[in-house]
Amino acid sequence: MKEFKTYIGGEWVSTNKTIDVIDKYSGEVIAKVPKADKKLVDKAVDAAAEAFEEFKKMPAYQRSEILEKAADLIKERSDEIAETICREAGKAWKYSVGEVNRGFETFKFASEEAKRIHGETVPMDASAGGVGRVGYYIRVPMGVLGAITPFNFPLNLVAHKVAPAIASGNTIVLKPASSTPITALILAEILEEAGLPKGVFNVVIGPGGEVGESLVTNDKVRKITFTGSAKVGHRLTQIAGIKRITLELGNNSATIIEKDADIDKAIPRCVDSAFANSGQVCISLQRIYVHKDIADEFTEKFAEATKKLKVGNPVEKDTDLGPMIDENEAKRAEEWIKEAVNMGAELVVGGKREGRVLQPTVLRNTTKDMRVMCMEVFAPIVSIVEYDTFEDAIQHVNDSDYGLQAGIYTNDIRKIHYAIDNLDVGGVMINDTSIFRVDHMPYGGNKMSGIGREGVRFAIEEMTNIKMVMINLN
Ligand code: NAP
């Protein structure tokens, strides 16, 4: 068991109260971290505001160097970080390693993007009033950013906020998820070693309702960047006041399998997309719409592949699925399965729970009024639903309060374009599932899935203000 300090104003500090961090598989307490309160949040924001006055002047090449050094240090400490993610988030080892590699890349992309933040000229003489004037705009950092992150990617979703913020000359106060704070503290060690000036990055740990809301309502914070549930996202829009806000929220992601699809390629990818990280990914595959002519074959092969998954301790290198984040969440998911079955769904595979571990579960004959279909399931549960025409399938995908990403398997160019034109989502993945993401692409959702986009360059746009310059030569 390790006792951590938290990082504020470039100092490592303790507090009176601590939070236990638990190994999500064994239940063992693996660390104690300092619990913040409103006073400490205000102190962290003050430190970030003070640091901004100097940091905004740091040349781009120096910010880039710090980010590159941080990326290298993530790589050097990759085993330690992967083990931390594996234990504090319960994420299977292979996916924890994958997350560290992505965190490295996110910092690398940010070190590159730091060198190309620029505005453009404005043709002033397009208006009679602008003749004889030169106009251009530049992008400038906003100031203190408040970042709030979820449990499911304790490194890479923190990286998606912290790295673009540093790249663009902002300072940050981070509130990581209370259940997975250790990785964020390791990142603070890394950024300190990489030469980030004191006060640019600060970490406050504690319950969302208290610590998170203190950050969101602090008037010195210029922007909130939040990743988490739609429920909390909605609350933040009500309390933030006049601040820019980026919300990366949930989804009940769908993928369509047309009858011309190569299902032997699609099935392993769909299985992985449904059950990676025990289905606790914002773009986890939750609804699979399969053309009626191939639905039996698809379901049979999908069920076979699901039965082969190894469920158990995430630290074992060949484990496919570990536990869910907590037992209440696993119980909630089990309840939703029972409800679906009571309402007429067929349980094809799984459905059993032991503590935090829910077996990968495949349902068929589900309908849109069941919670496993219409709400974000965020658990290893997937529904296979038959459809008749491709147009129907597109409508089913859109029949959702959410709109983050969707996938389609087909080689028919007309159907592909029909889907691109008609799906109300932030990303359409052709011949892949909803889960595809690399860290430099624009990423974010429509409808209840959020506001704004991440993906380093796009996050930088949301973390900078446009400043217009006009020079009168008349
Ligand atoms: P969550 O319950 O919404 O929590 C996310 C963060 O918000 C945590 O740090 C939490 O703190 C904090 N929080 C809770 N209540 C708050 C409040 N009233 N004010 C300020 N902060 C508050 O979400 P989660 O269970 O950790 O993560 C799962 C959700 O995140 C899913 O809906 C998933 O789809 C979404 N997600 C979206 C993306 C994306 O990029 N679109 C990526 C990953 C996950 P505590 O930990 O202390 O509760």
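A residue is termed buried when its relative accessible area is under 20%. Ala47 meets this criterion in the predicted model, because its relative accessible area is 18%. The residue belongs to helix H1, which spans residues 38–55. Beyond the residues up to four places away in sequence, Ala47 touches Gly9, Gly199 and Asn202. A further relation links Ala47 to Lys198: the two are 151 residues apart in sequence, yet their C-alpha atoms are separated by 8.4 Å in space.

A second buried position was examined in helix H7, which covers residues 208–217 and includes Ser214. With a relative accessible area of 9%, Ser214 is likewise under the 20% limit and is therefore classed as buried. When neighbours within four places in sequence are set aside, Ser214 is in contact with Lys38 and Val41. Helix H1, with its range of residues 38–55, contains both of these partners of Ser214.

Among the strands, S14 was considered in detail. This strand runs from residue 287 to residue 291, and five of its five residues are buried. The cover extends to both faces of S14. On one side lie Arg287, Tyr289 and His291, and on the other Ile288 and Val290, every one of them buried. Strand S13, formed by residues 254–257, pairs with S14 in the parallel sense, and four bridges connect the two strands. Within this arrangement, Thr255 stands opposite Ile288 of S14.

The chain as a whole was then described. The protein chain comprises 15 helices and 25 strands. Its radius of gyration is 23 Å, close to the 23 Å that the globule rule gives for 474 residues, so the chain is as compact as a globular protein of that length. Along the principal axes, the C-alpha atoms fill a box of roughly 70 × 65 × 40 Å. Of the 474 residues in the protein chain, 56% are buried. Among contacts with a separation of 6 or more, 73% join residues that are 24 or more positions apart.

The surface and the charges complete the description. The accessible surface of the protein chain amounts to about 19500 Å², and carbon and sulfur atoms contribute 50% of it. The chain carries 60 positive and 69 negative charges, and the mean positions of the two sets lie 5 Å apart.

How values were computed:
Residues are numbered from 1 along each chain as its sequence is written. This is a predicted model: local features need pLDDT of at least 70, side-chain atom pairs count only at pLDDT 80 or more; totals for chains, interfaces and linings use all residues. Side-chain values use heavy atoms; hydrogens and water are left out. The radius of gyration is taken over C-alpha atoms; the globule rule is 2.2 Å times the number of residues to the power 0.38. Buried means under 20% relative accessible area, exposed over 50%, partly exposed in between (1.4 Å probe, protein chains only). Contact means heavy atoms within 4.5 Å. Accessible areas come from the Shrake-Rupley method with a 1.4 Å probe; for residues, only the protein chains shown count as cover. Lys and Arg count as positive and Asp and Glu as negative; His and the chain ends are not counted. The place of a charge is taken as NZ of Lys, CZ of Arg, CG of Asp or CD of Glu. Two strands pair if DSSP finds at least two bridges between them.
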